[in-house]
Amino acid sequence: MRVHVFAPVAGGPLTQYVAYLLPALLQLVDEARVESVTVTLSRPHYESAFFAEYLEPFASRVSFDVIDLPFGNRFAAAIA
């Protein structure tokens with residue numbers, strides 16, 4: 001099984017929540033119960049200070065899929 005987390009919006013609470021989940025998900029990888037963990041982020045999220053602080057420390061074990069959202073940042077703001 002693979003785990004995919006969709007977190008397009010840059011910001012404190014969502015980014016912190018994903019960072020809170022990752023250690024438990026990576027433990028499942030270590031136990032061979034999960035094959036991989038991928039987090040999908042918008043380009044603004046990936047380039048944000050929130051990513052650098054909370055998610056980048058997991059970069060050696062988590063795949064980050066960076067996408068360009070339709071309608072740019074307005075889409076991310078609409079679903080936040």
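This is a short talk on the strands and salt bridges of one protein model. Keep in mind that the model is predicted.

Let's start with the strands. Look at strand S2, residues 36-42. How many of its seven residues are buried? Six are, so S2 counts as mostly covered, buried here meaning under 20% relative accessible area.

S2 has a partner on record for each of two pairings, and I'll take them in turn. Strand S1 covers residues 2-6. Five bridges join S1 to S2, and the two run parallel. To find your place, go to Arg2, which stands opposite Ser36 in S2. How does the chain get from S1 to S2? The path goes through helix H1, residues 12-30. That makes a β-α-β crossover, and this one is right-handed.

Now the other pairing. Strand S3 spans residues 63-67. S2 and S3 also pair in the parallel sense, over five bridges. A landmark here is Leu41, whose bridge partner in S3 is Val66.

On to the salt bridges. The structure holds four of them. I'll show three, including one at Arg2, a residue we have already met.

Arg2 forms a salt bridge with Glu35. The closest N and O atoms are 3.5 Å apart. What does this pair tie together? Glu35 lies in the loop between H1 and S2, and Arg2 sits in strand S1, so the contact joins parts that are 33 residues apart in sequence. Are these two residues buried or exposed? Glu35 is exposed, and so is Arg2.

Next, Asp30 and Arg61. They form a salt bridge with the closest N and O atoms 2.4 Å apart. This pair also links distant parts of the chain. Asp30 is in helix H1. Arg61 is in the loop between helix H3, residues 49-55, and S3. The two are 31 residues apart. Asp30 counts as exposed because its relative accessibility is 55%, and exposed means over 50%. Arg61 has 41%, so it counts as partly exposed.

The last pair is Glu31 and Arg33. Their side chains meet in a salt bridge, at 3.2 Å from N to O. Glu31 is partly exposed, because its relative accessibility is 38%. Arg33 has a relative accessible area of 57%, so Arg33 is exposed.

To wrap up: S2 pairs in parallel with S1 and with S3. Glu35 is bridged to Arg2, Asp30 to Arg61, and Glu31 to Arg33. Thanks for listening.

Conventions. Residues are numbered from 1 along each chain as its sequence is written. This is a predicted model: local features need pLDDT of at least 70, side-chain atom pairs count only at pLDDT 80 or more; totals for chains, interfaces and linings use all residues. Side-chain values use heavy atoms; hydrogens and water are left out. Buried means under 20% relative accessible area, exposed over 50%, partly exposed in between (1.4 Å probe, protein chains only). Helices (H or I, at least four residues) and strands (E, at least two) are DSSP runs, numbered from the N terminus. Two strands pair if DSSP finds at least two bridges between them. A crossover is right-handed if, with the strands pointing away from the viewer, the path from the first strand over the helix to the second runs clockwise. A salt bridge is a side-chain nitrogen of Lys or Arg within 4 Å of a carboxyl oxygen of Asp or Glu.
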